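Reader: I would like a close look at a single part of this protein, followed by an account of how the rest is arranged around the chain. Please take it slowly and keep to what can be read from the model.

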Amino acid sequence: MARQLSQWTMGSLRAATPGPGWGFKLPCPSPGRIMRPDDANIAGNVHGGTILKMIEEAGAIISTRHCNSQAGEPCVAALARVERTDFLSPMCIGEVANVSAEITYTSRHSVEVQVNVMSENILTGAKKLTNKATLWYVPLSLKNVNKVLEVPPIQYTRKEQEDEGKKRYEEQKLDRLETKQRNGDVIFPIINPEPHTVGYSQSSLIHLVGPSDCTLLGFVHGGVTMKLMDEVAGIVAARHCKTNIVTASVDAINFHEKIKKGCVITISGRMTFTSNKSMEIEVFVDADPFVDEPRERYRAVSAFFTYVSLSKEGKPLPVPQLLTETEDEKRRFEEGKGRYLQTKAKRQAQMQQAAQQ
């Protein structure tokens, strides 16, 4: 039986009872999660990776519950892709994060989830929208992790909702394929690099995947991976600017292959483009499996992060121009410029559309 748009609200990730007439509608039984010092940078702003992890947890819960809402083989929803995510407003230590999630489209083997993050100042009661994200999940069988199961359909209130969702599905599917095809790059260390060059700020982090990083199936949570990617991107941005930096947005994050418990993963980041006020950083994750089934290193995840430079007072600062040296760096700079101009044009069109309404 088809289900209506599934909705879910997260207080502190507690379970609740499915609401009548919905795929899943979970009330908020308790206050949301309060942001603590270990969630933030030295300026008191919550790390983008912390927020991305909360977003992914919300998406994973609602997707897994929906995919198990009908009789059949039990499964766990695995993150396949995160669409562009904008950080609309910073969140600070002491504020409360409330996350809400809604299933907006289902194909035969995937689920689209829309997630919103609100911050609340518990002293004044003021609330603001800090993040909006779209995530795609696929249900994997608990009996066979390589088996993708079928997703229970949802019921749409309007035919246009289904048509628009199908269009988004086809677009992300094509983009995932194109991204995977160009994922052969490797970052090599540079000896005595000059300031503001790509080699000067590029960074890597090595992490051994343990049980606490993984799902019931023994594969890394998408939120854990995104948090590590944000940490590396933040280091790259800070090395380039030598100032306080914050995540402004994340372009599509593509999860190409699962990462199993026991793997050693290398998260690498390099700057690809700078405008006057922002920096684009390419981050990818390579996995080296050592336990159970040794195989060659493979590219597991890739994404582009955008950061801005801030003063001690939290005001935007000019970003030093990236100095490109090789032909590949110049090519990546032009590609990044294209993405920047495309995003800027899209934002301006949305603002004009909103003003006309």
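Reader: In which loop is the place of Lys242?

Author: The model is a predicted one, and in it Lys242 has its place in the loop between α4 and β12, the latter covering residues 244-250. Although Lys242 is not a glycine, it has a positive phi of about 60°, and because its relative accessibility is 59%, above the 50% cut-off, Lys242 counts as exposed.

A second residue can be set beside Lys242. Asn192 is placed in the loop between α2 and α3, where α3 covers residues 198-201, and its phi is near 50°, again a positive value in a residue other than glycine. Asn192 counts as exposed because its relative accessibility is 68%.

From the loop that holds Lys242, one can turn back to helix α4, which spans residues 222-241 and supplies nine residues to the largest nonpolar core, but the core itself should be introduced beforehand. The largest nonpolar core has 71 residues, and Met229, Ile253, Ile259 and Phe305 are those with the most contacts inside it. Helix α4 provides the largest share of this core, with nine residues, and at least three residues are drawn from each of domain 1 (26-170) and domain 2 (189-348). In soluble globular proteins, nonpolar side chains tend to be buried together. Phe305 shows the surroundings of one such core residue: setting aside neighbours within four places in sequence, Phe305 is in contact with a list of residues that includes Leu52, Met226, Met229, Ala233, Thr247, Val250, Met279 and Ile281.

Met226 also appears among the contacts of Glu56, a residue found in helix α1, which runs over residues 48-67. Glu56 is buried, because its relative accessible area is 4%, under the cut-off of 20%. Apart from neighbours within four places in sequence, Glu56 is in contact with Leu79, Leu135, Tyr137, Gly222, Gly223 and Met226. For Gly222 the separation can be given as well, since the C-alpha atoms of Glu56 and Gly222 are 6.6 Å from each other while the two residues are 166 residues apart along the chain.

Ser107 offers another buried position, this time in a loop. Ser107 is placed between β7 (96-106) and β8 (111-120), and it counts as buried because its relative accessibility is 11%. The side chains of Ser107 and Ser110 are joined by a polar contact of 2.5 Å, and, beyond neighbours within four places in sequence, Ser107 is in contact with Val151 and Tyr169.

The largest pocket holds about 1,700 Å³ of space. Its lining is made by 41 residues, and those nearest its centre are Arg81, Glu83, Arg84, Asp251 and Lys346. Two or more lining residues come from each of β8, β9 (127-141), α2 (159-181), β14 (264-274), β16 (298-310) and α5 (327-356), with α5 giving the most, nine residues.

For the protein as a whole, there are five helices and 16 strands, and 49% of the 357 residues count as buried. Among contacts between residues at least 6 apart in sequence, 72% join residues at least 24 apart.

Notes. Residues numbered from 1 in each chain as written. Predicted model: local features only at pLDDT ≥ 70, side-chain atom pairs only at ≥ 80, totals over all residues. Heavy atoms only, no water. Helix = DSSP H or I, 4+ residues; strand = E, 2+ residues; numbered from the N terminus. Buried < 20%, exposed > 50% of the residue type's maximum accessible area, 1.4 Å probe, protein only. Polar contact = N/O pair within 3.5 Å; in protein donor to acceptor, adjacent residues only side chain to side chain. Contact = heavy atoms within 4.5 Å. Core = buried A, V, L, I, M, F, W, Y, C linked by side-chain atoms within 4.5 Å. Domains from an automatic or database assignment. 1 Å grid on protein atoms, 1.4 Å probe; cavity = no way out; pocket = protein on both sides within 12 Å on 5 of 7 lines; lining within 4 Å. Points joined across faces, edges and corners; volume = space filled by probe spheres on them.
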